[in-house]
Amino acid sequence: MSEPSSRNHRRCGFVPRLALVLGGLLAAGGCSGDLNAMRGAYTLAGGGPKDVKAPDFVVQSRKTDAEYLPVGVAAPARPISARTAEGTRSLENDLMGARGRNEAKGRAAESAARATGQIQPAQ
């Protein structure tokens, strides 16, 4: 006779524990942004955030023919490859030369302006 009562005792302890676990899972699921049943019910009842249309300038600036790559698909190879180390050094030298030419032009323009009296010498 003690055996059936112990089974009932176990069942009585199991159901509240199961209810607590399920309740905890539901509460944790309620924190999820896309699975929030309480927010959905509140919105359906007339409360909560309203759906707002995008302003006209946003709608007009969006591309209608934009094609996006699906998730997991690699982008196609680019037709232009990266510069080599030699190409990078060559570009740096070209840019340094252009910088020197621009600075020389600026000094020439400044000295011409001083000669005509349009600019006062720096003090």
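## Confidence of the model

Within the protein chain, confidence is lowest in helix 1 (residues 2–30), where the mean pLDDT is 69, and highest in helix 4, where the mean reaches 95. The structure is a predicted model, and the protein chain as a whole averages a pLDDT of 80. A score of at least 70 is reached by 80% of the residues.

## Overall architecture

The secondary structure of the protein chain consists of four helices and zero strands. Read from the N terminus, the order of elements is α-α-α-α.

Of the 123 residues in the protein chain, 2% count as buried. The chain exposes about 11,800 Å², and carbon and sulfur atoms supply 60% of that area.

## Helix 1 and its nonpolar patch

Helix 1, the element with the lowest confidence, includes L18. This residue contributes to a nonpolar surface patch of about 580 Å², which is made by F14, V15, L18, V21, L22 and L25.

L18 has a relative accessible area of 39%. That value falls between the 20% limit for buried residues and the 50% limit for exposed ones, so L18 is classed as partly exposed.

## Helix 2

Helix 2 covers residues 37–44, eight residues in total. The number of buried residues among them is zero, and the helix therefore lies largely in the open. Just after helix 2 comes G46, which adopts a positive phi of about 105 degrees.

## Helix 4: length and end

Helix 4 comprises 32 residues, from 85 to 116. At 1.5 Å a residue, a helix of this length should span 46 Å. The expected span is 1.5 Å times one less than the number of residues, because the count is of steps between residues. The end C-alpha atoms of helix 4 are 47 Å apart, in agreement with the expected value.

The residue that follows helix 4 is G117, and its phi is positive, near 85 degrees.

## Salt bridges in helix 4

Two salt bridges are found in a search of the whole structure. One joins R99 to E103, with the closest N and O atoms 3.8 Å apart. Both residues belong to helix 4 and are four residues apart, about one turn of the helix. E103 has a relative accessible area of 42% and is therefore partly exposed.

Another salt bridge links R114 with E110, and here the closest N and O atoms are 2.7 Å apart. Because R114 and E110 are four residues apart in helix 4, about one helical turn separates them. R114, with a relative accessible area of 36%, is partly exposed. E110 likewise counts as partly exposed, at 34% relative accessibility.

Terms used:
Residues are numbered from 1 along each chain as its sequence is written. This is a predicted model: local features need pLDDT of at least 70, side-chain atom pairs count only at pLDDT 80 or more; totals for chains, interfaces and linings use all residues. Side-chain values use heavy atoms; hydrogens and water are left out. Helices (H or I, at least four residues) and strands (E, at least two) are DSSP runs, numbered from the N terminus. Buried means under 20% relative accessible area, exposed over 50%, partly exposed in between (1.4 Å probe, protein chains only). Accessible areas come from the Shrake-Rupley method with a 1.4 Å probe; for residues, only the protein chains shown count as cover. pLDDT is the predictor's confidence in each residue, from 0 to 100. Patches are made of residues with over 30% relative accessible area and no salt bridge: like charges are joined within 9 Å, nonpolar side chains (Val, Leu, Ile, Met, Phe, Trp, Tyr) within 5 Å. A salt bridge is a side-chain nitrogen of Lys or Arg within 4 Å of a carboxyl oxygen of Asp or Glu.
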